[in-house]
Amino acid sequence: MLSIVQLPVLNDNYIYLLHEPETGVTAVVDPAVAQPVLDALAQRGWRLTHILNTHHHHDHVGANLYLQALTGCQIIGAAVDRARIPGLSHAVNDQDRFGLGQASVQVIATHGHTSGHISYYIAEAEALFCGDTLFVMGCGRLFDGTIGQLWHSLQVLKTLPASTRVYCAHEYTEANGRFALSVEPGNQALQDKMVRVRQLRAVGQPTVPSTLAEELATNPFLRTDNAALQQAAGLPGGDSLAVFSRLRAMKNTF
């Protein structure tokens with residue numbers, strides 16, 4: 001079974017270590033900084049073999065070259081972002097698969113936050129590493145991707161098994177939940193979720209991972225066919241992309 005270790009870094013980032021015990025293969029997802037990664041590896045006696053990058057922003061690739069120079073690890077990232085991923089040694093495309101020891105990793109193109117964003121899905125571990133595309137009760141902002149790309153990416157992620165654990169890259173949950181409540185105050189599942197979120201954050205505990213089932217019940221950006229959310233967006237009966245676009249714009253200024 002794949003071991004997953006969550007490392008909080010910077011103000012609100014999460015780095016993830018993935019360790020496959022049968023072979024000793026160890027990957028790090030989106031290493032913003034090196035020292036917490038090195039400390040966690042040393043504590044467990046693990047050797048870094050792979051870096052998995054979801055996109056090129058510095059708070060996801062900042063430690064790439066240092067860790068690569070120190071360990072000789074392979075760096076995996078999107079082929080379309082070849083010029084923007086430092087030290088990229090293995091370029092991947094949508095629906096490619098590669099092994100982490102005995103675990104199989106599926107690449108999913110999730111463009112929108114950036115034009116080259118990808119996510120990593122490991123079915124055996126029921127785990128999705130989605131960077132800045134899908135957050136707990138939220139979704140990423142647009143940088144050099146398009147609103148249509150981001151909407152499409154979320155539609156793809158919605159098709160994964162409901163039990164999938166959503167390992168996003170930031171602790172944005174409480175702020176996302178406040179916006180979600182502002183557009184759907186009558187959602188009981190959302191109200192209950194926010195009680196748990198506030199309890200966790202009050203004692204400094206992470207709200208990540210979520211599950212896809214929870215997101216389908218509480219995340220407004222995955223539920224744009226919902227009548228209450230369409231009404232909140234001022235688009236009753238509107239098509240899903242238009243409602244999504246309006247909600248994302250509303251969140252930008254919330």
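1. Strands, as named in this note, are DSSP runs of E at least two residues long, and helices are runs of H or I at least four residues long; both are numbered from the N terminus. With that in hand, D94 can be placed in the loop between β6 (90–92) and β7 (97–100). The model is predicted, and what follows should be read as a description of that model.

2. The loop between β6 and β7 also holds D96. How exposed are these two aspartates? D94 is partly exposed because its relative accessibility is 43%, and D96 is likewise classed as partly exposed, with a relative accessible area of 29%. Two C-alpha distances help to locate the loop. D94 is 23 residues from T71 in sequence and 27 Å from it in space. D96 is twelve residues from I108 in sequence, with 7.9 Å between their C-alpha atoms.

3. UniProt, in an unreviewed entry, lists residues 12–170 as "domain: Metallo-beta-lactamase". In the model, this stretch is 21% helix and 33% strand. The C-alpha atoms at the two ends of residues 12–170 are 5 Å apart.

4. The unreviewed UniProt entry lists H55, H57, H113 and D132 under "binding site". These residues span 78 residues of sequence, yet they cluster in space, with a largest C-alpha distance of 10.2 Å. Of this set, H57, H113 and D132 belong to the lining of the largest pocket. H55 sits in the loop between β4 (50–52) and α2. Is H55 buried or exposed? It is buried, because its relative accessibility is 0% and the cut-off for buried is under 20%.

5. Under "binding site" the unreviewed UniProt entry also lists D59, H60, D132 and H170. Here the spread is 112 residues of sequence, and the residues again cluster in space, the largest C-alpha distance being 10.8 Å. D59, H60, D132 and H170 are found in the lining of the largest pocket.

6. D132 is named in the set with H55, H57 and H113 and also in the set with D59, H60 and H170. D132 lies in the loop between β10 (127–131) and β11 (134–135). With a relative accessible area of 5%, D132 is therefore buried.

7. The largest pocket has a volume of about 230 Å³. Which residues lie closest to its centre? They are F135, C139, G140, R141 and Y172, out of 18 lining residues. Several elements each contribute at least two residues to this lining: α2 (58–61), β12 (138–139), α5 (173–183) and α9 (240–252). Sorted by class, the lining has six nonpolar, seven polar and five charged residues.

8. Where does the largest pocket lie with respect to the domains? Lining residues come from both domain 1 (3–167) and domain 2 (172–253), so the pocket lies between the two.

9. There is one cavity of 30 Å³ or more in the structure, and the volume of the largest cavity is about 30 Å³. The residues lining it are Y14, Y16, V29, D30, T54, F129, C130, G131, Y167, C168 and A169. β2 (13–20), β10 and β13 (165–168) each supply at least two of them. The largest share, three residues, is that of β10. By class, the cavity lining comprises eight nonpolar residues, two polar and one charged.

10. A disulfide is a covalent bond between the sulfur atoms of two cysteines. How many disulfides does the model have? With a cut-off of 2.5 Å between cysteine sulfur atoms, the count is zero. C139 is an example: the nearest cysteine sulfur belongs to C130 and is 11 Å away. C139 is buried, because its relative accessibility is 5%. C73 is also classed as buried, at 4% relative accessibility. C139 and C130 appear in the earlier points too, since C139 is among the residues closest to the centre of the largest pocket, while C130 is one of those lining the largest cavity.

Technical notes. Residues numbered from 1 in each chain as written. Predicted model: local features only at pLDDT ≥ 70, side-chain atom pairs only at ≥ 80, totals over all residues. Heavy atoms only, no water. UniProt positions renumbered as here; feature names shortened; annotations may be inferred. Buried < 20%, exposed > 50% of the residue type's maximum accessible area, 1.4 Å probe, protein only. 1 Å grid on protein atoms, 1.4 Å probe; cavity = no way out; pocket = protein on both sides within 12 Å on 5 of 7 lines; lining within 4 Å. Points joined across faces, edges and corners; volume = space filled by probe spheres on them. Nonpolar A, V, L, I, M, F, W, Y, C, P; charged D, E, K, R; others polar. Domains from an automatic or database assignment.
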